[in-house]
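This report looks at a ligand site and at the empty spaces of one protein model. Please keep the sequence and the structure in view while reading.

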Amino acid sequence: MGRLGGKVAVITGAALGLGRATALRMAEEGAAVAVCDLRFEDADALARDLVERGLPAAAWRLDVSRELDVQRVLGEVAERFGRIDVLVNNAGVAGADKPTDQLTEAEWDAVQAVNVKGVFFGVKHVIPHMRRTGGGSIINLSSIYGLVSAPDVPPYHASKGAVRLMTKTDALLYAPEKIRVNSVHPGFIWTPMVEGYLKAQGGVAEGRAAVGALHPLGHMGEPDDIAWGCVYLASDEAKFVTGAELVIDGGYTAR
Ligand code: NAD
């Protein structure tokens, strides 16, 4: 039995990047995984691969910015797998990379709708399921950009700062019900999101080296660096961990 044997885990934004790596590692550690994403075909391909390997999984098309969608999908997951023990609120967008005085209201709102409201809807609608089974683990993807600043992506910084504190409030609210809530703060990890960010900044190859050098360990992280942190927080190894910030950043914020 793996570290997550008997648990059911829902991962949002699980078609690509950090969510995909987390779904893979959680499944290999024994969890039944619900692979949820806007990109249904990619999510479904991942779920099928897992099932072919004998690991329980299924895919759902999900837009985390739509409350009814979130509520319905969580209900369907609970029906399919019998319970929900873990929710990874991973879906996120980088949004417009412009100085604050040049941003439109729509650009601001587009980021908050996914990164902040998506987490709110996820927590709101998973609580009844976790309450029913007597506990659970909610893992919210914040960022180093929710801890320290940089002169870029203002709506993203705001959203990740919000997620950091929403996590602590919910940790306190639901601790009496044995529902743990923690945030994960990755440094730059090589995923399609970071590739897109570097493209917008000018050049991918030079950007990758320059951004990598911002991390004292000398390079960007890889998706599994974050996935293993999520496995830990989801597991009973972390049974006394709630309201915590798990920083996985190659030393970026240690300065
Ligand atoms: P990514 O862009 O590579 O993948 C994000 C996934 O989320 C995609 O599959 C996308 O289709 C999905 N998604 C986007 N909007 C959605 C929505 N409304 N509903 C459902 N799914 C949606 O991103 P990533 O780099 O893997 O990042 C994952 C999370 O980690 C994000 O919250 C991001 O902000 C955070 N993060 C990433 C890094 C990094 O360096 N990669 C660093 C810090 C924090």
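## The shell around the ligand

Helix α7 gives the largest share of the shell around the ligand, with three residues. The model is a predicted one. Two or more shell residues come from each of α1 (17-28), α6 (154-174) and α7 (192-201).

The shell around the ligand counts 29 residues, and the nearest are D37, N90, Y156, I189 and T191. Sorted by class, the shell holds 17 nonpolar, eight polar and four charged residues.

## Polar contacts to the ligand

Which atoms of the protein come within a few ångströms of the ligand's oxygen atoms? Y156 places a polar side-chain atom 2.6 Å from a ligand oxygen. N90 uses its backbone instead: an N or O atom there lies 2.8 Å from an oxygen atom of the ligand. K160 has a side-chain N or O atom 2.9 Å from a ligand oxygen.

How much of the ligand does the protein bury? On its own, the ligand exposes 830 Å², and the protein buries 93% of that area.

## The largest pocket

Where does the ligand sit? Its place is the largest pocket. This pocket holds about 900 Å³ of space. Its lining numbers 37 residues, with G92, V93, A94, T191 and M193 closest to the centre. T191 is also among the residues that come nearest to the ligand.

Four elements, α1, β2 (32-37), α6 and α7, each give two or more residues to the lining of the largest pocket. Helix α7 supplies the largest share here, five residues. By class, the lining of this pocket has 22 nonpolar, eleven polar and four charged residues.

## The second largest pocket

The second largest pocket has a volume of about 330 Å³. It is lined by 19 residues. Nearest its centre are G136, K178, I179, R180 and K239.

Two strands, β5 (136-141) and β6 (179-186), each supply at least two of the lining residues. How does the lining of the second largest pocket divide by class? The split is six nonpolar, six polar and seven charged residues.

## The cavity

Open pockets are one kind of space; enclosed cavities are another. How many cavities of 30 Å³ or more does a search of the whole structure find? The search finds one. The largest cavity contains about 80 Å³ of space.

Its lining is made of 13 residues, and T12, V64, N89, G118 and G122 lie nearest the centre. The elements α3 (67-81), β4 (86-89) and α5 (117-133) each give two or more residues to this lining. Helix α5 gives the largest share, three residues. The lining of the cavity has eight nonpolar, five polar and no charged residues.

## Summary of the site

The ligand sits in the largest pocket, and α7 gives the largest share both of the ligand shell and of the pocket lining. Polar atoms of N90, Y156 and K160 face oxygen atoms of the ligand at the distances listed above. Beyond this site, the model has a second largest pocket of about 330 Å³ and a cavity of about 80 Å³.

Terms used
Residues are numbered from 1 along each chain as its sequence is written. This is a predicted model: local features need pLDDT of at least 70, side-chain atom pairs count only at pLDDT 80 or more; totals for chains, interfaces and linings use all residues. Side-chain values use heavy atoms; hydrogens and water are left out. A residue is near a molecule or strand if one of its heavy atoms lies within 4 Å of it. A polar contact is a pair of N or O atoms within 3.5 Å; within protein, one must be able to donate a hydrogen and the other to accept it, and residues adjacent in sequence count only if both atoms are side-chain atoms. Accessible areas come from the Shrake-Rupley method with a 1.4 Å probe; for residues, only the protein chains shown count as cover. On a 1 Å grid over the protein atoms alone, a cavity is a set of points where a 1.4 Å probe fits but cannot get out, and a pocket is an open set with protein on both sides within 12 Å along at least five of seven lines; lining residues have an atom within 4 Å of a point. A molecule sits in a cavity or pocket if more than half of its atoms lie within 2 Å of its grid points. Ala, Val, Leu, Ile, Met, Phe, Trp, Tyr, Cys and Pro count as nonpolar, Asp, Glu, Lys and Arg as charged, and the others, Gly among them, as polar. Grid points are joined across faces, edges and corners, and a volume is the space filled by probe spheres set on the points.
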